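Here is a walk through how the two chains of this model meet and how their strands line up. Have the structure open beside you as you read.

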Protein chains: 2
Amino acid sequence: MTTLVFGHKSPDTDSTGSPIIWAWYLQSQGIDAAPRLLGEPNTEAAFVLERWNLDKPEIIEDVAADTPVVIVDTNNPAELPGSINDADIRAIIDHHKLVGGLETKGPIDITVRPLACTATIMVDLMGDAAADMPEGIKGAALSCILSDTLEFRSPTTTDHDRALAEKLAGDLGVSIPDYATEMFAAKSDVSAFSDAELLRMDSKEYPVGDTKFRVSVLETTSPGTVLARKDSLMESMKTVAAEDGVDQVLLFVIDILNEEATLLVPNELVKSVAKASFGADAAGDTVVLPGVMSRKKQIIPNLAV
Amino acid sequence: MTTLVFGHKSPDTDSTGSPIIWAWYLQSQGIDAAPRLLGEPNTEAAFVLERWNLDKPEIIEDVAADTPVVIVDTNNPAELPGSINDADIRAIIDHHKLVGGLETKGPIDITVRPLACTATIMVDLMGDAAADMPEGIKGAALSCILSDTLEFRSPTTTDHDRALAEKLAGDLGVSIPDYATEMFAAKSDVSAFSDAELLRMDSKEYPVGDTKFRVSVLETTSPGTVLARKDSLMESMKTVAAEDGVDQVLLFVIDILNEEATLLVPNELVKSVAKASFGADAAGDTVVLPGVMSRKKQIIPNLAV
């Protein structure tokens with residue numbers, strides 16, 4: 001049976017590229033494997049697939065019981081098919097905190113490392129076989145690292161991620177600043193998405209005490225494009241919160257180039273979140289948070305009401 | 001703050017030796033670390049400490065909140081202090097199936113591999129630093145592998161575990177058959193233990209449908225010594241089951257040298273377990289299961305009522 005390799009729902013570049021990278025590696029080791037996606041890739045990930053001539057993996061909603069699977073870029077059952085624990089989980093490769101909830105039928109390979117990017121861990125795990133990566137796989141790995149580190153600006157960046165990206169770019173003859181600019185332009189083109197789609201595109205649910213938040217980020221080189229839509233985005237938050245069973249949507253518009261976030265402040269609850277979490281006084285319906293770029297390292301750990 | 005390294009409750013040789021090995025490695029990397037035990041080591045582990053002149057680690061019952069810890073040889077909260085999720089879990093190194101339940105505050109190092117022994121994974125993780133292991137640490141690693149593989153007889157044994165053990169034995173100038181015989185003799189000396197202690201010494205709770213079992217194994221080169229006590233062991237099962245809130249204790253006496261298990265059959269329930277799990281017809285109050293050596297690979301996956 002073919003081993004299916006996939007990342008989380010609402011796939012970004014790392015959750016699109018890493019399954020392709022690892023399926024290639026498994027195939028190179030004689031294991032029948034194929035990448036899958038748990039949804040449409042975002043605009044940056046779609047650009048990366050086209051740039052490196054990679055086939056878009058088949059999108060699946062669920063996995064049949066006992067299907068051999070490798071889970072990458074998450075260990076959170078909420079971000080995976082509902083029946084995941086009935087699959088035959090063969091390996092997990094991830095860089096997020098352990099949330100508990102996944103179970104395996106026997107001892108398997110699990111590798112979690114506090115690196116910026118799943119693809120970096122994968123190249124480490126390949127050992128000498130990494131030297132055989134074809135251009136498309138190297139391009140995918142470079143793209144995953146630049147995406148997850150926001151071109152080394154995010155505080156999640158490690159020296160190890162950076163060194164690998166620079167080596168890959170050298171092998172490929174790619175200028176990192178030029179290529180990252182193209183990737184971020186693709187990510188910043190959000191014209192095709194509805195307000196609700198934007199709010200759910202890169203979003204994780206997170207409770208603070210009894211209050212359930214949907215913590216959404218939009219990483220962009222063109223924050224003005226998003227902020228021009230702020231009134232309708234704030235209106236849409238009510239519907240999205242009600243539909244998704246949370247109390248409040250928080251939208252952080254991450255300005256990649258200026259290294260700051262703008263939080264939309266639709267009401268008193270979010271105003272108090274800005275104060276309690278970041279010491280920021282919101283005068284109007286937005287507040288700028290200088291230096292805030294990472295949900296994992298800077299937003300979630302500080303979130304308070 | 002000192003990072004505490006520990007394995008599971010009721011420490012066997014791997015859960016005694018692996019914390020010592022990893023604390024040594026962390027110290028060699030400039031990290032303040034110390035091994036701990038979550039209970040008295042078993043007789044084999046105590047022999048190993050003495051043989052290699054290793055200090056017996058301090059026994060702890062609990063860890064204070066925010067203590068930095070590394071968990072080895074388990075990922076099961078039931079085998080760890082009750083407050084484990086309040087500790088600052090820095091890393092997990094294990095070779096058991098993922099049971100879910102552990103949570104971490106951020107992304108950490110997690111390495112689980114389907115190898116026979118935690119110590120084997122640790123030596124891999126050390127990379128070049130493994131060459132600096134002093135005699136006592138090499139002795140501990142060799143002992144962990146011989147213990148967990150029952151001198152390569154257990155079906156959990158991999159070529160990788162065996163190759164490492166042979167290399168370590170060569171470095172140390174130790175004959176594996178002679179040393180394993182000494183270790184197993186130490187493990188087989190159960191004269192100091194009460195029946196209840198024997199039933200709980202190497203035991204994991206496991207439910208089958210609505211029936212909760214305590215699945216106990218006793219690995220020994222002298223099965224006759226244990227089986228001579230079978231009447232009082234079967235009597236004690238009732239008390240242990242009642243005290244521990246399970247329906248039935250199963251005791252498998254593993255004959256290391258003859259590579260077989262003897263299951264005690266105190267009642268009709270266990271008789272039906274022998275039939276449903278292993279196709280074995282128990283005529284009297286014991287039944288021999290040829291080739292059965294591993295709870296992880298052979299007993300738990302087949303357990304049925």
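## A look at the pair of chains

In chain A, an unreviewed UniProt entry places the feature "domain: DHHA2" at residues 180-305. Keep in mind that this is a predicted model. Over residues 180-305 of chain A, the chain is 41% helix and 27% strand, and the C-alpha atoms at the two ends are 35 Å apart.

**Where the chains meet**

Let's turn to the interface. Contacts there involve 23 residues of chain A and 23 residues of chain B. Putting the two chains together buries about 1,800 Å², and carbon and sulfur atoms give 57% of that area. Which three residues of chain A supply the most of the area that chain A buries against chain B? They are A:Leu98, A:Pro107 and A:Ile110, with 34% of it.

There is polar chemistry here too. Eight residue pairs are in polar contact across the interface of chain A and chain B, with both residues at pLDDT 80 or more. On the side of chain A that touches chain B, strand β6 (residues 109-112) of chain A gives the most, with four residues. Sorted by type, the residues on that side of chain A come out as ten nonpolar, seven polar and six charged.

**Salt bridges**

Side chains of opposite charge can pair when their charged atoms come close. Over all chains the count is 42 salt bridges, and two salt bridges are found across the interface of chain A and chain B. Here is one pair that joins the chains and one pair inside chain A:

| Acidic residue | Basic residue | Closest N and O atoms |
|---|---|---|
| B:Asp109 | A:Arg113 | 3.5 Å |
| A:Asp171 | A:Lys138 | 3.2 Å |

What does the pair inside chain A tie together? A:Asp171 lies in helix α5 (residues 159-172) of chain A and A:Lys138 in helix α4 (residues 135-149) of chain A, so the salt bridge links parts that are 33 residues apart in sequence.

**One sheet through both chains**

Strands of a sheet pair through backbone hydrogen bonds, either parallel or antiparallel. In this model, an open sheet of twelve strands with mixed pairing runs in the order β3(A)-β2(A)-β1(A)-β4(A)-β5(A)-β6(A)-β6(B)-β5(B)-β4(B)-β1(B)-β2(B)-β3(B). At the edges stand β3 (58-59) of chain A and β3 (58-59) of chain B; each has a single partner strand, so one side of each is left without a neighbour in the sheet.

The two chains join in this sheet at β6(A) and β6(B). β6(A) pairs with strand β6 (residues 109-112) of chain B in the antiparallel sense, over three bridges. Within that pairing, A:Val112 has B:Ile110 in β6(B) as its bridge partner.

Elsewhere in the sheet, strand β1 (residues 3-6) and strand β4 (residues 68-72) of chain B run parallel and pair over three bridges. B:Phe6 stands opposite B:Ile71 in β4(B).

**A hairpin in chain B**

Now look at strand β7 (residues 203-208) and strand β8 (residues 211-220) of chain B, which run antiparallel and are joined by six bridges. B:Tyr206 has B:Phe213 in β8(B) as its bridge partner. Two residues sit between β7(B) and β8(B) in this hairpin, and B:Gly209 in the turn has a positive phi of about 60 degrees.

Key
Residues are numbered from 1 along each chain as its sequence is written. Chains are lettered from A and ligands numbered from 1 in the order in which they are written. This is a predicted model: local features need pLDDT of at least 70, side-chain atom pairs count only at pLDDT 80 or more; totals for chains, interfaces and linings use all residues. Side-chain values use heavy atoms; hydrogens and water are left out. Contact means heavy atoms within 4.5 Å. Buried area is the accessible area (1.4 Å probe) that two parts lose on being put together, summed over both. A salt bridge is a side-chain nitrogen of Lys or Arg within 4 Å of a carboxyl oxygen of Asp or Glu. A polar contact is a pair of N or O atoms within 3.5 Å; within protein, one must be able to donate a hydrogen and the other to accept it, and residues adjacent in sequence count only if both atoms are side-chain atoms. Ala, Val, Leu, Ile, Met, Phe, Trp, Tyr, Cys and Pro count as nonpolar, Asp, Glu, Lys and Arg as charged, and the others, Gly among them, as polar. Two strands pair if DSSP finds at least two bridges between them. UniProt positions are given in the numbering used here, feature names are shortened, and annotations may be inferred rather than shown by experiment.
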